[in-house]
Structure formats: C-alpha cells, structure tokens
Amino acid sequence: IRSQGGKSMVFPSLMAQPLRPSPGGAAAGEAEDVPVYPGSEGVLHFGARDPGHQSHVTMFTNHAGLANNVGFYRSRLSAMGWKEIAQRTGPLLPEQVAQSLTFQKGTRELTINLTVVDTSNRVRVHLAEASGQDLGLGGK
C-alpha cells in the first residue's frame, strides 16, 4: 500500500505459500545459470507464473563489497552464456553506493540491483529474472 497526497495505491498479490529464507543457504532455489554470490546470507527466493511469462526474484546480502559483486556477476554470467545489456539511462545513485546490471539469454532477462548497506562492505543483492515470449526478447 502506498499513500501520497491524499491518494492511495494498493498492489494486491496472492501467494500459495508464505515467503521464507531458503533453508539450504545460497544454493537453495538457485537456477543453474543464475548464481548466488558465495557466502551470502538471508537468501529469499520466490517466483510467479503469469500467462505468457514467468518471473523469479532472489534477494540476499553478503559482505563482499560492491566491486566484488559486480565483477562476480559479469564474469560468471558471461561464462554461462548471458550477454550484458547496456543501461538505457544513467544511474540514479552514485556508482559507489548502488549499481544495476542487466543481462539477456534467449527469452530470459536478468536484472541485478546491488546496493551498499553499510560501511562494513555489506551489499544487498536483488536478482530479478523474467522469461517468456511475451517479453519481446529474441529466443535461441
């Protein structure tokens, strides 16, 4: 629910099961070609199956710092066949605080948002993958 200027917006959703952290650590719920940074904590994974496309979201934190996370995802995803897509707009926050990466593989798109949480190199990572012909992405 979001309220502003005397108006409210509500975004309803339906979940078959409550959201829970993955019991097996970083690897639980992880797609084979969408890795979770090693040693990550509080891994939360959920998804949706909508007509024409699917989506998966994975969130977690780690203490590797922003630059190490960016390097990890660029290197690992490239090796797994993902192609990085140039950002269409400039960053909203300084690159020392947050970075956003977008990758494509066939009819799948992966957006990674990385945000520095505190001065101890802790980073919040948000992986959002969408797939399906309805997204207008080329398939292989």
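Here are four short exercises with worked solutions on the structure shown above.

This is a predicted model, in which local features need pLDDT of at least 70 and side-chain atom pairs count only at pLDDT 80 or more, while totals for chains, interfaces and linings use all residues. Residues are numbered from 1 along each chain as its sequence is written, and side-chain values use heavy atoms, with hydrogens and water left out.

**Exercise 1: the sheet**

Work out which order the strands of the open sheet take, and which strands stand at its edges.

Step 1. Start with the definitions: strands (E, at least two residues) and helices (H or I, at least four) are DSSP runs, numbered from the N terminus. Two strands pair if DSSP finds at least two bridges between them.

Step 2. Read off the order: the six strands run β3-β4-β8-β7-β6-β5, with antiparallel pairing.

Step 3. Look at the ends. β3 and β5 (83-85) each have a single partner strand, so one side of each is left without a neighbour in the sheet.

Step 4. Add the twist, which averages 20 degrees from one strand to the next. Angles here run from 0 to 180 degrees between N-to-C directions, and axes are lines fitted to C-alpha atoms, for helices over the stretch in contact.

**Exercise 2: following the pairing**

Trace the bridges from β4 through β8 and β7 to β6, and find which residues stand opposite one another.

Step 1. β4 and β8 run antiparallel and are joined by nine bridges; here Phe-60 faces Val-125 in β8.

Step 2. Nine bridges also link β7 with β8, again antiparallel, and Thr-111 stands opposite Ala-128 in β8.

Step 3. Between β6 and β7, also antiparallel, there are eight bridges. Thr-111 in β7 turns up once more, this time opposite Thr-102.

**Exercise 3: the turns**

Find how many residues lie between the strands of each hairpin, and which turn residue has a positive phi.

Step 1. The hairpin of β6 and β7 has two residues between its strands, and Gly-106 in the turn has a positive phi of about 60 degrees.

Step 2. In the hairpin of β7 and β8 there are six residues between the strands, and Asn-121 in the turn has a positive phi of about 70 degrees.

Step 3. Put the second case in context: most residues other than glycine have a negative phi. Asn-121 is a residue other than glycine with a positive value. Asn-121 counts as partly exposed because its relative accessibility is 46% (buried is under 20% relative accessible area, exposed over 50%, partly exposed in between; 1.4 Å probe, protein chains only).

**Exercise 4: the helix**

Decide how the buried residues of α1 are arranged, and where α1 packs.

Step 1. Check the length: α1 (residues 66-79) has 14 residues and spans 20 Å from first to last C-alpha, close to the 20 Å expected. That expected span is 1.5 Å times one less than the number of residues.

Step 2. List the buried residues: Leu-66, Asn-69, Val-70, Phe-72, Tyr-73 and Leu-77. Seen down the axis, they fall within an arc of 160 degrees, so they line one face of the helix; the arc is that of the directions from the helix axis to the C-beta atoms.

Step 3. Turn to the other face, which carries the exposed residues Ala-67 and Ala-79.

Step 4. Find the partners. The buried residues of α1 pack against β4 (53-62), β6 (98-105), β7 (108-116) and β8 (123-131), where contact means heavy atoms within 4.5 Å.

Step 5. Finish just after α1, where Gly-81 takes a positive phi of about 95 degrees.
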